[in-house]
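Grab a pencil and work through these exercises with the model open beside you. Try each task on your own before you read its solution.

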Amino acid sequence: MVGLAPEVNVAGVGDETSGPDDAELMRRYCAGDRDAFHALYRRLAPRLFGYLRSLVGDRTAAEDLLQLTFLKLHRSRDVYVIGADPVPWLYTIAHRCALDERRRRKRDRVTVTKDGELPREPAVDLRGAPADRTPAPELGPAAMAGLDRLPANQREALLLTKVHGHSVATAAAIAGTTPGAIKLRAHRAYVTLRKLLPTMTETTEPAASTKEQP
Amino acid sequence: MSDHLAPPPPSAELLAVVEQTRPVRTRVPGRALAILLALAAVAPAYTLVQSGPRADFGALPVGWVVGMAAVWAVAVAWLLARGVVPKRGQVLPSDAPAARAAALASVALVALGLAVTVDAPGHTRYLPFAEGFWHCTQYALRILVLVVAGALLLLGRVHPSGGVGAGAAIGAAAGAFAGLSLHVLCPFGGGLHVGLAHGGAAVLGGLLGAGTFAVARALRRR
């Protein structure tokens, strides 16, 4: 399948594979260690940022949501259970932040920029792809465009299990649903993408040939 | 990682907040469990001290009394665990399985009460259905309201999604606890009464718990 790598670790920069694990860092953070927060941020922010960008499709919104996620984490330290893996919990917080953002966008009639201007519509090149669409880690342009056309719950299921490498049970906990529902949604997403991607790959490849575009 | 993929550094606001970091007391699920059980026990303990066990208690088959008490107790423990205790290595109990557990257990307890109730002929009393239903439901409500309110205070912030499923499981557990105490205290018999009034307390508790957590979530989102 074009552009989708199963079980990809999208931690990227800042992924520290030696030293204390996430649970130990979280324990220290709850004990008041500010350095542990910074270590957690370096380690987890890339993954969460990739996830949020895939969910909301907008870098600026994803940046804000990332900050909000860690702010909520800070305020919810008393909810943490010592010894537990904080990563699925953090994904759940990020997931809820993204859902709230989507709800807020639906409610807002007009979204303006910080200068009070109406946002410029993203430019569309002749091949039909938005010019400012940047791919998530490990996802090609065709895969990103395909993901955008999936229903939100199918996109989430696919991202959590196949791109961010969570187990079905963990993905279900993050999304607030059952493992059966996650499996079904991810399967449907795959089926849909399989149908979409062959045609989308043709239209998103560089126009090197002399074939005329519709 | 190229720039457009790299996350931003922590914002000034976030750094300012983290700068004030102090140690916090983290959550111990067993503590919430114990508090909720204690809250559930308040009304039954008071009633037991005031009135003693049901009048026909001595005439009922021992095996049935002990067996049904065990069923109620297992239901309480299972539902509370689903609603309060996360799986090993996780921070949160899973919401959807908790909601399923509440629905399953409630239906099972109602069915069990309808099908397996045993009375002591000549000793067990009977009331018209509506009167008996209200008698036991208002008793159960004392337990439900206390436990659900306690759960909201202790656990309302725990779930980023609002914890409606957890609320349902905890409410159903409170209802099952009411059913357990009614098994010992309620002087009225009949399968219909036990099934719908005693077992029905779990249904009512599940609905109350889910509704309360849902309302709290809606208020937080405003």
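One definition to begin with: helices are DSSP runs of H or I with at least four residues, and they are numbered from the N terminus. Keep in mind, too, that you are looking at a predicted model.

**Exercise 1: Chain B at a glance**

Task: How many helices and strands are there in chain B, and in what order do the elements run?

Solution.
- Step 1. Count the elements: chain B has seven helices and zero strands.
- Step 2. Walk along the chain from the N terminus, and you read α-α-α-α-α-α-α.
- Step 3. Add the dimensions: along the principal axes, the C-alpha atoms of chain B fill a box of roughly 85 × 35 × 30 Å.

**Exercise 2: Where the two chains meet**

Task: Work out how many residues of chain A and chain B are in contact, and what area is buried between them.

Solution.
- Step 1. Count the residues on each side: 47 from chain A are in contact with 37 from chain B. The cut-off for contact here is heavy atoms within 4.5 Å.
- Step 2. Turn to the area: about 3500 Å² is buried between chain A and chain B, and carbon and sulfur atoms give 65% of it.
- Step 3. Look for polar contacts: 13 residue pairs qualify across this interface, with both residues at pLDDT 80 or more.
- Step 4. Find the helices on chain A's side. Helix H1 (22–30), helix H2 (34–56), helix H3 (59–75) and helix H4 (86–107) of chain A each supply at least two residues that touch chain B.
- Step 5. Sort the residues on chain A's side by class, and you get 25 nonpolar, 11 polar and 11 charged.

**Exercise 3: Salt bridges**

Task: Which residues form the salt bridge between chain A and chain B, and how far apart are their closest N and O atoms?

Solution.
- Step 1. Start with the idea: side chains of opposite charge can pair when their charged atoms come close.
- Step 2. Search the whole structure, and nine salt bridges turn up over all chains.
- Step 3. Restrict the search to the interface of chain A and chain B, and the rule finds one.
- Step 4. Name the partners: Arg157(B) pairs with Asp78(A), with their closest N and O atoms 3.0 Å apart.
- Step 5. Compare a pair inside chain A: Glu24(A) and Arg28(A) also form a salt bridge, and here the closest N and O atoms are 3.1 Å apart.
- Step 6. Place that pair on its helix. Glu24(A) and Arg28(A) are separated by about one helical turn because they sit four residues apart in helix H1 of chain A.

**Exercise 4: Hidden spaces**

Task: Find out how many cavities of 30 Å³ or more the structure has, and which element gives the most to the lining of the largest cavity.

Solution.
- Step 1. Search the whole structure: three cavities of 30 Å³ or more come up.
- Step 2. Take the largest cavity, with a volume of about 50 Å³. Its lining is made of Arg54(B), Trp64(B), Met68(B), Trp72(B), Thr117(B), His183(B), Val194(B) and His198(B).
- Step 3. Match that lining to elements: helix H3 (62–84) and helix H7 (191–221) of chain B give two or more residues. H3(B) gives the most, namely three.
- Step 4. Sort the lining by class: four residues are nonpolar, three polar and one charged.
- Step 5. Go on to the second largest cavity, also listed at about 50 Å³. Among its lining residues are Arg27(B), Gly83(B), Pro93(B) and Phe213(B), and the largest share, three residues, comes from H6(B).

**Exercise 5: An open pocket**

Task: Which residues lie nearest the centre of the second largest pocket?

Solution.
- Step 1. Note the space in the second largest pocket: about 540 Å³.
- Step 2. Look at the 31 lining residues; nearest the centre are Ala173(A), Gln90(B), Leu92(B), Pro93(B) and Ser94(B).
- Step 3. Ask what gives the most to this lining: H7(A) does, with five residues.
- Step 4. Sort by class: the lining has 16 nonpolar, 10 polar and five charged residues.

Methods:
Residues numbered from 1 in each chain as written. Chains lettered and ligands numbered in written order. Predicted model: local features only at pLDDT ≥ 70, side-chain atom pairs only at ≥ 80, totals over all residues. Heavy atoms only, no water. Buried area = accessible area lost by both parts, 1.4 Å probe. Salt bridge = Lys/Arg side-chain N within 4 Å of Asp/Glu carboxyl O. Polar contact = N/O pair within 3.5 Å; in protein donor to acceptor, adjacent residues only side chain to side chain. Nonpolar A, V, L, I, M, F, W, Y, C, P; charged D, E, K, R; others polar. 1 Å grid on protein atoms, 1.4 Å probe; cavity = no way out; pocket = protein on both sides within 12 Å on 5 of 7 lines; lining within 4 Å. Points joined across faces, edges and corners; volume = space filled by probe spheres on them.
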